[in-house]
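Reader: I am new to this structure and would be grateful for a close look at a single part of it. Please take the strands as the part to examine, and then relate them to what else can be described.

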Amino acid sequence: MASKKRQSKKNSGAGNPAKAAQRGRSVYRIQVEQHVDSLREDYAAWVATTVPAFSPEDAAAAANMQLFVIGAVGTEYAQKASSSNLRDIDIDLFGEALAEHLMSIPETMAPEPIFSSWLDYLSFLEENKLWEGAPENFEALREMLEDTLDGFAEGDAEICELLRGTELFTKVKAFALALGDGVDMSDDSETGIQVRTRVLLALGLDPQSFDTEGPAPLVFTYIWGAARLSVVDFDGPTMNLDEESYDLMVDGDQAASAQILFEMAVGCVQAHLNPAFDVTLRDEAHYLVLRNLLVTASTGRDGDLEGLRRNVGPKNYDAVLPEAQAAMESLVHYGLLAKDGETYSIDERLVPVISAGITEVETFFEEAE
């Protein structure tokens, strides 16, 4: 089967390095892809031996995930090094390729699996005596990856402590616990209404104080936005607690917990930027004005407010400015912004949260065009 596959590629030109290079893929990149593909069986067997609890299917899936990472970074390294040899790696060029790869991944994606995959790959090479470079280069590469992973671990613990100390965490936790056995948003029976009332009361909202047939109060929108990206699963119209994610949110200081808390905060920022989850001109104006205020808080430099007012239209700008300013106060309340007098600022550890929220909403509007 393997030889037929290679022959087919050769005949079509898809696997011919010279022809592929003409289409923009270098010989080195293609050779890395072929090298990674050739490792799948042996690497899966190594994973199965290393983690005896894995079934053959689990081992193959884990191997494929890790080899995908090895290939993604390896092809970028090969381009820089003009070499497809991933058994003898130039640490400086690898560091450059790895840094560029990290810059290209979404901000919502944790980088730790990239480093752990490469550390596992090095262990695979070591145990199978496949490393072809100098021993000191191997150790230097491993040390660089381990030190960076340790740094991420410290950062993960720090972000967990930071976000668990916010009002946002307190409210999302209360929201999650109030879900109980699930909340059917389409159930208008007395029981269904009581369940929804329980959730509202957990957020400090009195159902008698607003029209339950109208738009949800912003407090609910903000916390729902945070919870839906972190600890809530949906089954049709029913909201259920994702217990595994909840456990990670409230306890632990490693990457998985940090990622859930990060998603929680990003969801809250998204809900502030576009509380209606709609794409009208007014919704976009709200997003643009609030984004401007957040960028000012991050950089300390005022944006071009007059230019923005002309861009979104004076009527829309004047209508949404008070709402955007109220959203800034709300983000302060939830612990995602700080305020000193009339000046807002963002903890540098939370800048990626704000940035990811902005990016997600920007993409939402772009895709709606």
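Author: The model considered here is a predicted one. The account begins with the strands, turns to a pair of helices, and then treats several individual residues.

Which residue of S3 is the bridge partner of Val232? The partner of Val232 is Leu241. This pairing belongs to the contact of strand S2, residues 232-235, with S3, where 4 bridges join the two strands in the antiparallel sense. S2 and S3 together form a hairpin, with 2 residues between them. Gly236 lies in the turn of this hairpin and has a positive phi of about 65°.

Strand S3, which covers residues 238-241, is also joined to strand S1, residues 183-184. Here the strands again run antiparallel, and 2 bridges connect them. Within this pairing, Val183 stands opposite Met239 of S3. S3 is thus a partner both of S1 and of S2. As a general point, the side chains of a regular strand alternate between the two faces of the sheet.

The helices H11 and H12 come next. H11 spans residues 243-250 and H12 spans residues 255-273. Their axes are 8 Å apart, and the two helices pack at an angle of about 95°. Because angles from 65 to 115 degrees count as roughly perpendicular, H11 is roughly perpendicular to H12. On the side of H11, the contact is made by Ser245, Leu248 and Met249. H12 contributes Ala256, Ser257, Ile260, Leu261 and Met264. Sorted by class, the residues in the contact of H11 with H12 are 6 nonpolar and 2 polar, with no charged residue.

Two residues that are not glycines also have a positive phi. For Ser82 the value is about 50°, and for Lys129 it is about 55°. Ser82 is placed in the loop between helix H4 (56-81) and helix H5 (91-104), whereas Lys129 lies in the loop between helix H6 (112-127) and helix H7 (135-164). Are these residues buried or exposed? Lys129 has a relative accessible area of 75% and is therefore exposed. Ser82, at 44% relative accessibility, counts as partly exposed.

Ser82 leads to Tyr28, a residue of helix H3, which comprises residues 27-50. Leaving aside residues up to four places away in sequence, Tyr28 touches Ser82 as well as Ala78, Ser83 and Ser84. Tyr28 has a relative accessible area of 32%, so it is partly exposed. From C-alpha to C-alpha, Tyr28 is 37 Å from Phe364, and the two are 336 residues apart in sequence.

Thr75, in helix H4, offers a further case. The relative accessible area of Thr75 is 6%, which means that Thr75 is buried. With residues up to four places away in sequence again left out, Thr75 touches Arg29, Val32 and Glu33.

A last topic is the aromatic residues. How many aromatic pairs does a search of the whole structure find? The search finds 14 aromatic pairs. In addition, one aromatic cluster is formed by Tyr77, Phe94, Trp118 and Tyr121. In general, a pair of aromatic rings is described by the distance of the centres and the angle of the planes.

Terms used:
Residues numbered from 1 in each chain as written. Predicted model: local features only at pLDDT ≥ 70, side-chain atom pairs only at ≥ 80, totals over all residues. Heavy atoms only, no water. Pairing = 2+ DSSP bridges. Buried < 20%, exposed > 50% of the residue type's maximum accessible area, 1.4 Å probe, protein only. Contact = heavy atoms within 4.5 Å. Axes fitted to C-alpha atoms, helices over the stretch in contact; angles between N-to-C directions. Parallel < 35°, antiparallel > 145°, perpendicular 65-115°, else oblique. Nonpolar A, V, L, I, M, F, W, Y, C, P; charged D, E, K, R; others polar. Phe/Tyr/Trp six-rings, centres within 6.5 Å; stacked < 30°, edge-to-face > 60°.
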